[in-house]
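Subject: The structure I promised you

Hi there,

Here is the structure we talked about, so open it up and keep it beside you while you read. My notes on what turned up in it follow underneath.

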Amino acid sequence: MLTNEYVKRVYDQVQKRDGDQPEFLQAVYEVLDTLQPVIAKHPEYEANGVLERLVEPERVVKFRVAWVDDAGKVQVNRGYRVQFNSAIGPYKGGLRFHPTVNEGVIKFLGFEQILKNSLTTLPMGGGKGGSDFDPKGKSDAEVMRFCQAFMTELSRHIGQFTDVPAGDINVGAREIGYLFGQYKRIRDEYSGVLTGKGLEFGGSLARTEATGYGLCYYTAEALRVLKNDSFEGKTVVISGSGNVAIFATEKAQELGAKVVTASDSNGYVYDPDGIKLDIVKDIKLGHRGRIKEYAERVPGAEYHEGCAGVWTVPCDIALPCATQNEIDEASAEALVKNGCKVVCEGANMPSTPEAIAVYQKNGLLYGPAKAANAGGVAVSGLEMSQNSYRLSWTFEETDAKLKSIMESIVAESLAAAKEYGEEGDLMAGANIAGFVKVANAMVAQGIL
Ligand code: NDP
């Protein structure tokens, strides 16, 4: 609950201005709530208007993206880039192509990104972008034409020292390749302006795996430190079957767990013998198919319509890796009832506030998104370093750096939580640790 007068005033102002952006309000409320002890202890933040400035993006760019489909018909989508905060580095954050994208969704993602990037300890500010374009059912040529049209406008606003986008939902290697090609053509410049690039043109080894692997490194470390436990022998429920879900499944299996589910926006599959990841990869990465196909190919596996049902599958550990607000109060209660003890978030803001309250009430180990899924942007930061050095690290080197960053995020979060009287609270700790660095940089740089 918000009790600090300054925090309340700032939140009221956000509500007044952005009342029509529910996801953004949700993200801001959660952060402000946990920052109250910090604000109380540091009057300089109020004196410098840090919170008012933190919740207001430095710049929001909204643009028309016109392109021609395979039938020769003109299509118009909306493009966005929210350059939220550059106190500790160039804006950094992914691009999402999904019909649910609007300004509020991009703002919630950009806001979260500020603190997430800060937690990695790499010099990256916060930003996010995307479009309401839906690549589902589009041909490669249509996706290419859309990406070219999108980048034609976006290229005016980004640059290797200004703003470095990456992938997110529905923006993977194919889209990043088309976007990079168009930026190079327009600017006549070969630079590390995007991350998640192909290995042939400046990409980093382990970037594809980074968010999913990082999620498991984070979860394993939190389990070790807080519960003296590990993934070994655990049953794990994972939602989604995209980039994050696939590589979270791979690492969890490698660490000795049995992952029993995969899902997409239509439904989920349950495989009591453990998900065969080669089949999921063949369906999703091989021919962009639907997860339903898994149950048709694997004897003993079941398909259920409706993705929310995945949270009724009994497990020890749940790793939501699909989208925002995918676990509501009822789903959280179902998880707890069936014995789940750990929820660590691969997706951004996958748990509603009511779901988080259920985790807290029942003493679950809860690893919030901005800490648990920071591995993707961490390796994006490492890709930027390699581009600047004009060299490439091996997979093992990059993976080792990723693991060490994820472990230090757990340590940083626990230390910050302890300092402010919230011992063991990974959510409060992540918000506080991420915030303090950004806030101090904002104070040092003056009123901007
Ligand atoms: P992908 O596009 O690769 O996969 C997304 C998966 O989630 C698909 O299985 C998709 O199913 C499912 N999904 C998407 N929207 C919905 C919805 N509204 N309801 C149910 N299922 C849905 O994206 P990523 O794996 O990259 O991203 C997943 C999550 O992880 C997002 O929240 C993203 O912001 C977050 N994230 C990603 C990072 C990255 O490096 N890629 C970094 C940090 C966070 P379908 O195919 O049916 O749409």
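Let's start with one residue: leaving aside its neighbours within four places in sequence, which residues is Trp311 in contact with? Before the answer, please keep in mind that this is a predicted model.

**Trp311**

You'll find Trp311 in the loop between strand S10 (302-305) and strand S11 (317-319). With neighbours within four places in sequence left out, Trp311 is in contact with Val237, Ser239, Ala318, Pro320, Glu326, Ile327, Ser331, Ala334 and Leu335. Is Trp311 buried or exposed? Its relative accessibility is 1%, so Trp311 counts as buried. If you want a distance to try out in your viewer, take Trp311 and Ile114: they are 197 residues apart in sequence, and their C-alpha atoms are 29 Å apart in space.

**The domains**

Now zoom out a bit. The domain assignment splits the protein chain into domain 1 (5-54), domain 2 (59-189) and domain 3 (210-363). From the C-alpha centre of domain 2 to that of domain 3 is 27 Å. In the contact between these two, domain 2 takes part with ten residues and domain 3 with eight residues.

How much area do domain 2 and domain 3 bury between them? The figure is about 700 Å², with 42% of it on carbon and sulfur atoms. Three residues are worth colouring here: Phe108, Lys136 and Arg174 supply 47% of the area that domain 2 buries against domain 3, more than any other three residues.

What else is there between domain 2 and domain 3? The count of salt bridges between them is zero, while two residue pairs are in polar contact across the interface. On the side of domain 2 that touches domain 3, helix H5 (residues 103-119) gives the most, with four residues. That side of domain 2 divides into four nonpolar residues, no polar ones and six charged ones.

**Salt bridges**

Side chains of opposite charge can pair when their charged atoms come close. How many salt bridges does the rule count in this model? The count comes to 25. Here are three pairs to look up.

- Lys234 and Asp229: their side chains meet in a salt bridge, 2.8 Å from N to O. Lys234 has a relative accessible area of 15%, so this residue is buried, whereas Asp229, at 33% relative accessibility, counts as partly exposed.

- Glu250 and Lys281: the closest N and O atoms of this salt bridge are 2.5 Å apart. Glu250 lies in helix H9 (residues 243-254) and Lys281 in helix H10 (residues 277-287), so the pair ties together parts that are 31 residues apart in sequence. Lys281 is partly exposed, with a relative accessible area of 25%.

- Arg290 and Asp264: in this salt bridge the closest N and O atoms are 3.3 Å apart. Arg290 is in the loop between H10 and helix H11 (292-297), and Asp264 is in the loop between strand S8 (261-263) and strand S9 (267-270), so the pair links distant parts of the chain, 26 residues apart. Arg290 is partly exposed, at 29% relative accessible area, and Asp264 is buried, at 9%.

There is also a network: salt bridges that share partners join Glu30, Glu112 and Lys370.

**Two more loop residues**

Ser155 has its place in the loop between helix H6 (140-154) and strand S5 (163-166). Its relative accessible area is 2%, so Ser155 is buried. Leaving aside neighbours within four places in sequence, Ser155 is in contact with Tyr183, Ile186 and Arg187.

Then have a look at Gly19, which lies in the loop between helix H1 (5-18) and helix H2 (22-41). Gly19 counts as partly exposed, because its relative accessibility is 47%, and the cut-off for exposed is over 50%. Not counting residues up to four places away in sequence, Gly19 touches Val14 and Leu25. Gly19 and Ala173 are 154 residues apart along the chain, and their C-alpha atoms are separated by 35 Å.

Have fun clicking around, and shout if you get stuck.

Cheers

Terms used
Residues are numbered from 1 along each chain as its sequence is written. This is a predicted model: local features need pLDDT of at least 70, side-chain atom pairs count only at pLDDT 80 or more; totals for chains, interfaces and linings use all residues. Side-chain values use heavy atoms; hydrogens and water are left out. Domain bounds come from an automatic or database domain assignment. Contact means heavy atoms within 4.5 Å. Buried area is the accessible area (1.4 Å probe) that two parts lose on being put together, summed over both. A salt bridge is a side-chain nitrogen of Lys or Arg within 4 Å of a carboxyl oxygen of Asp or Glu. A polar contact is a pair of N or O atoms within 3.5 Å; within protein, one must be able to donate a hydrogen and the other to accept it, and residues adjacent in sequence count only if both atoms are side-chain atoms. Helices (H or I, at least four residues) and strands (E, at least two) are DSSP runs, numbered from the N terminus. Ala, Val, Leu, Ile, Met, Phe, Trp, Tyr, Cys and Pro count as nonpolar, Asp, Glu, Lys and Arg as charged, and the others, Gly among them, as polar. Buried means under 20% relative accessible area, exposed over 50%, partly exposed in between (1.4 Å probe, protein chains only).
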